[in-house]
Protein chains: 2
Amino acid sequence: MEQFSFYTPTKVIFGKGVQSQVGAVIKSYGFKKILFHYGSGSIKKSGLYDQIVASLRENGIEFVELGGVQPNPKLSLSRKAAQLCIDEKVEMILAVGGGSVLDSSKSAAAGAANHCDPWEFSSGARVLEKSLPVGAVLTIAAAGSEMSDSCVITNEEGWLKRGFNSDHNRPLFAIMNPELTYTVSKYQTACGVTDIMMHTLERYFCMNGDVALTDHLAEGLLRSVIEAGKVVMDKPDDYEARATLMWASSLSHNGLTGCGRNFMMRCHQIEHELSGMYDRVAHGAGLAVIFPAWAKYIYKNEKALPRFCQFAQRVWGIEMDFEHPERTALAGIEACENFFKSLGMPVRLSELDVDDTKFDEMAEKCTFFGKRVLKDYIPLGKTEIIEIYNLAK
Amino acid sequence: MEQFSFYTPTKVIFGKGVQSQVGAVIKSYGFKKILFHYGSGSIKKSGLYDQIVASLRENGIEFVELGGVQPNPKLSLSRKAAQLCIDEKVEMILAVGGGSVLDSSKSAAAGAANHCDPWEFSSGARVLEKSLPVGAVLTIAAAGSEMSDSCVITNEEGWLKRGFNSDHNRPLFAIMNPELTYTVSKYQTACGVTDIMMHTLERYFCMNGDVALTDHLAEGLLRSVIEAGKVVMDKPDDYEARATLMWASSLSHNGLTGCGRNFMMRCHQIEHELSGMYDRVAHGAGLAVIFPAWAKYIYKNEKALPRFCQFAQRVWGIEMDFEHPERTALAGIEACENFFKSLGMPVRLSELDVDDTKFDEMAEKCTFFGKRVLKDYIPLGKTEIIEIYNLAK
């Protein structure tokens, strides 16, 4: 077990109907004026917008609002949100939506608190030392941004998708009602299931990843998500399954399944170049394509192999083939790939209408133009990343 | 899944040698004067005391100190600590030790911040609205107090042992180096293993406890603790096993294994009367006696039975007997009892030299002199609690 720190200060309020508490929760912190940030407007159709506004008014919370956050959230909007926070002197940002709205809010909060361009933090030019508080009413179980320290934004100039991590990115509170996710489409739900699993899988498959307690927790979380994922495909309004996915989205990315591990989100890095380049690609769908390709590239490595065998046995119930452990490992990868497929996820780039014309450029960007190598069982430079894209074709 | 809130703001710093960071951590919060609170003085023999003092001095942290915390920590000392905090105008309390030192610190912090008798909070006369910050350098993996919202103190007047819960009881930070637990005796280690398991078992066995994700996490934690418990009995300096126990102590009582469950710590309540009455009884040892007796009293209840069968199967690997599920359930309870025995724990009151002369008085106190019934599959009033004590004879 490697040294680690664990810090999850976000106050989670979870259950049926909890969104009606939003105004009272904000008031309990003493905030009087907020930015209400959201996405495409589906919260207006669903009635959630009105519920939030009613709760804010009841509690005397003044607000300005900004909608329009898109999937793979864009820098231009978070810049606009940051400026609005400064101009209107708001004290916190309320994100109502999923990971995209949260990340747009985090980026805006960083810019507003420091009176600078939010991209300075995403590009790594500046370290975040303070931010505005961000609170969430979650409507999609996927990104885990409601408890995580990460913030991922796409800069339309050059289509660079970049994440940065900071404890100052961790939301102050997260209000989570699984019922609000009943209307998430089958495809978006499947993307969410994939994203949730991937946050744990990135941590699980790392060098020195063999940490008994964290392994058991990670495997338990994965099994729960797989079970719940199957259920919601047929029964989108199954409360228990939706609740499992929603709570798992937080636990999978708040740090719990990485404790004692020195991990790196390399499939995420490789995928970011994909959904950064092709804006139509949903992050979860991109991960469903990249993970099996990455896994097939890595699993025969002698340090990786026992981890892949454990994954096959404990998560997918595959029997160990002691004579041919690589068969067990591959069977686990295929079981995972087949599960993604069963959810309706793409598992090949061709299914996303992506051919190999941009592999070189994507790999170039992923290595920061030759300035970084992704730490992995096999270090991943430009050549290796292109090989992984090729395996994903 | 029931409604829940989850709030674990404690910053955990975990790994080899991390105790040397204590001064810098305290300084990072801006504190200048603290109370350094500890136990019997074993930290002086081990050299930890000197390491802490050096780190405090290096970082310019002024401190007053108070040792002498005993197992089942006493109100008289936490009163003294509270007064010292007030007189010396300290800004936070640093607890160096295990659960007893932490709870003594929490109690003192409550009294000091509110300029009142700490017992007011333990007795339920007053609700805690603010407290002094408490930080920990942990030396025993057991109570989980380093992340928990609970504080248990024994009032020597009447030997009343009472706990109370409040988010204000949650420590600000916890510095956790598993190496510091290498010298904990076999007996105390076994008490710790039992206590850790019990914090999850209390949550696991509750009405409406059937929460898929939380179940998987709880079962994974229990399996890890059982594995690690076996290892440390033979190899007290096994870093990985000590690390598992230390991290599990926090996760087992910070709320994680109770999410979505409406639980009650009834074995703890029943045990508190035992170690409250007989000060020689270590809390963990008391639990090792009470849990099997409680479980044998409860398991045939029709709502409890499926939970006990799941426990037997998933935690102890016992095969399900579909014709006689009660046999499966009982086998699980016995496996747990035998595990406690294998650690050298007592599993009967007679092994603690406790006879039935005080059962009536203990049960009387446990029901707050007839004013409460413990919520359970079978509601536990005085008569039922005496039956459980009798099963534990």
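**Exercise 1. Lysine 382 of chain A**

Task: Classify Lys382(A) as buried, partly exposed or exposed in this predicted model, then find its salt-bridge partner and say which helices the pair ties together.

Solution.
- Step 1. Take the relative accessible area of Lys382(A), which is 28%. Buried would need under 20%, and exposed over 50%. Lys382(A) is therefore partly exposed.
- Step 2. Look for a carboxyl partner. The side chain of Lys382(A) meets that of Asp360(A) in a salt bridge, at 3.2 Å from N to O.
- Step 3. Place both ends. Lys382(A) belongs to helix H15 (residues 382–391) of chain A, and Asp360(A) to helix H14 (residues 359–366) of chain A, so the salt bridge ties together parts 22 residues apart in sequence.
- Step 4. Check the partner's exposure. Asp360(A) is partly exposed too, at 41% relative accessibility.

**Exercise 2. The covered side of H15(A)**

Task: Which residues of H15(A) are buried, and what covers them?

Solution.
- Step 1. List the buried residues of H15(A): Ile385(A), Ile388(A) and Tyr389(A).
- Step 2. Test their directions. They span an arc of only 100° around the axis, so they lie on the same side of H15(A).
- Step 3. Recall the helix geometry. An α-helix has 3.6 residues a turn, so residues three or four places apart point the same way.
- Step 4. Find the cover. It includes helix H10 (266–277), helix H11 (283–298) and H14 of chain A.

**Exercise 3. Salt bridges in chain B**

Task: Compare the burial of the ends of two salt bridges, Asp167(B) with Arg170(B) and Arg266(B) with Glu202(B).

Solution.
- Step 1. Start from the total. The whole structure holds 44 salt bridges over all chains.
- Step 2. Take the first pair. Asp167(B) and Arg170(B) meet at 3.0 Å, N to O. Asp167(B) is partly exposed, at 30%. Arg170(B) is buried, at 14%.
- Step 3. Take the second pair. Arg266(B) and Glu202(B) meet at 2.9 Å, N to O. The arginine lies in helix H10 (residues 266–277) of chain B and the glutamate in helix H7 (residues 186–204) of chain B, so this salt bridge ties together parts 64 residues apart in sequence.
- Step 4. Check burial again. Arg266(B) is buried, with a relative accessible area of 2%. Glu202(B) is buried as well, at 1%.
- Step 5. Look for a network. Lys11(A), Asp149(B), Asp167(B) and Arg170(B) are linked by salt bridges.

**Exercise 4. Cysteines without partners**

Task: How many disulfides are there over all chains, and why is Cys151(A) not bonded to Cys116(A)?

Solution.
- Step 1. Apply the cut-off: two cysteine sulfur atoms within 2.5 Å. The count is zero over all chains.
- Step 2. Check Cys151(A). Its closest cysteine sulfur, in Cys116(A), is 12 Å away, which is too far for a bond. Cys151(A) is buried, at 0% relative accessible area.
- Step 3. Check Cys191(B). The nearest cysteine sulfur is that of Cys336(B), 14 Å away, and Cys191(B) is in no disulfide. Cys191(B) is buried, at 4%.

**Exercise 5. Strand E4(B) and its neighbors**

Task: Determine how covered strand E4 (residues 92–97) of chain B is, and which strands pair with it.

Solution.
- Step 1. Count burial. Six of the six residues of E4(B) are buried.
- Step 2. Sort the directions. Met92(B), Leu94(B) and Val96(B) point one way; Ile93(B), Ala95(B) and Gly97(B) point the other.
- Step 3. Find the pairing with E2. Strand E2 (residues 33–38) of chain B runs parallel to E4(B), joined by five bridges. Tyr38(B) stands opposite Val96(B).
- Step 4. Find the pairing with E5. Five bridges also join E4(B) to strand E5 (residues 134–138) of chain B, again parallel. Here Val137(B) is the bridge partner of Val96(B).

**Exercise 6. Relating the two chains**

Task: What rotation superposes chain B on chain A, and through which surface do the copies meet?

Solution.
- Step 1. Superpose. The rotation is 180° with 0.0 Å of shift along its axis, and the RMSD is 0.0 Å.
- Step 2. Interpret. The copies are therefore related as by a two-fold rotation axis.
- Step 3. Locate the axis. In chain B, Pro9(B) comes closest to it, at 1.9 Å (C-alpha).
- Step 4. Compare interfaces. Of the interface residues of chain B, 97% are also interface residues in chain A, so the copies meet through the same surface.

Conventions. Residues numbered from 1 in each chain as written. Chains lettered and ligands numbered in written order. Predicted model: local features only at pLDDT ≥ 70, side-chain atom pairs only at ≥ 80, totals over all residues. Heavy atoms only, no water. Buried < 20%, exposed > 50% of the residue type's maximum accessible area, 1.4 Å probe, protein only. Helix = DSSP H or I, 4+ residues; strand = E, 2+ residues; numbered from the N terminus. Pairing = 2+ DSSP bridges. Salt bridge = Lys/Arg side-chain N within 4 Å of Asp/Glu carboxyl O. Arc of directions from axis to C-beta. Contact = heavy atoms within 4.5 Å. Least-squares fit on C-alpha atoms with pLDDT ≥ 70 in both.
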